[in-house]
Amino acid sequence: MSSTRTFRITVRGSFDGLTDDQRAELLAAAPEHDMLRAEFTAEGHLTYDVAARPFFTFRFLDSGEAEEDILDATARAELAAESWLTERGYGFKQLKSQAQDMSLAPLGKRQRREAARG
């Protein structure tokens, strides 16, 4: 019997060679990409503070049946981030990904209490 594993994938990078118009566009949209609103979603959630620094983070939520599926999920997340940036004409560099299989994550204090209750 197999169970579905949930993966959290973070894709980080930096904007590169933005025009003044692109920078203004990102600044105008900044409130919806604020770090305080960060979440992991299937379509990917973008956060940045281009007024302070050129870095951005996409957060993706994916799933798979086996531990190895995390590799495909990470590749999909990287491709989705690259596509989003490219479709809008934003230059970028230094993409790095990090993935976590939530089924292997240690339980938090509340989760351990709930598990003990049964």
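User: In this predicted model, is Tyr48 buried or exposed?
Analyst: The cut-off for buried is under 20% relative accessible area. Tyr48 has 5% relative accessibility, so Tyr48 counts as buried.

User: Is Phe15 buried or exposed?
Analyst: The same cut-off of under 20% applies. Phe15 has a relative accessible area of 5%, so the residue is buried.

User: How many aromatic pairs are there, and what is the geometry of Phe15 and Tyr48?
Analyst: The count comes to seven aromatic pairs. For Phe15 and Tyr48, the ring centres are 5.8 Å apart and the planes stand at 85°. Planes over 60 degrees apart count as edge-to-face. The Phe15 and Tyr48 pair is therefore edge-to-face.

User: Which strands does the Phe15 and Tyr48 pair link, and how many residues apart are they?
Analyst: Phe15 lies in strand 1 and Tyr48 in strand 2. The pair links distant parts of the chain. Their separation is 33 residues.

User: Trp84 and Tyr90 also pair; what is the class of that pair?
Analyst: Their centres are 5.9 Å apart, with 40° between the planes. Stacked needs under 30 degrees and edge-to-face over 60. Trp84 and Tyr90 are therefore neither, and the pair is tilted.

User: Which accessibility class does Trp84 fall in, and which does Tyr90?
Analyst: Trp84 has 22% relative accessibility, so it counts as partly exposed. Tyr90 has 5%, so Tyr90 counts as buried.

User: Which residues form the aromatic cluster?
Analyst: Phe15 and Tyr48 belong to one cluster, as do Trp84 and Tyr90. Three further members complete the list: Phe56, Phe58 and Phe60.

User: Which residues touch the most other members of the largest nonpolar core, and which element supplies its largest share?
Analyst: This core has 17 residues. Ile9, Val11, Phe15, Tyr48, Phe56, Phe58 and Phe60 touch the most other members. Strand 1 (5–15), strand 2 (45–48), strand 3 (55–64) and helix 2 (69–87) each supply at least two core residues. The largest share, five residues, comes from helix 2.

User: Beyond its neighbours within four places in sequence, which residues does Phe15 contact?
Analyst: Tyr48 is one of them, and so is Tyr90. The list also holds Leu26, Val50, Pro54, Phe56, Leu85, Gly91 and Phe92.

User: Where is Thr41, is it buried or exposed, and which residues does it contact?
Analyst: Thr41 sits in the loop between helix 1 (20–29) and strand 2. Its relative accessible area is 12%, so Thr41 is buried. Leaving aside neighbours within four places in sequence, Thr41 contacts Arg59, Phe60 and Leu61.

Definitions and conventions. Residues numbered from 1 in each chain as written. Predicted model: local features only at pLDDT ≥ 70, side-chain atom pairs only at ≥ 80, totals over all residues. Heavy atoms only, no water. Core = buried A, V, L, I, M, F, W, Y, C linked by side-chain atoms within 4.5 Å. Buried < 20%, exposed > 50% of the residue type's maximum accessible area, 1.4 Å probe, protein only. Helix = DSSP H or I, 4+ residues; strand = E, 2+ residues; numbered from the N terminus. Contact = heavy atoms within 4.5 Å. Phe/Tyr/Trp six-rings, centres within 6.5 Å; stacked < 30°, edge-to-face > 60°.
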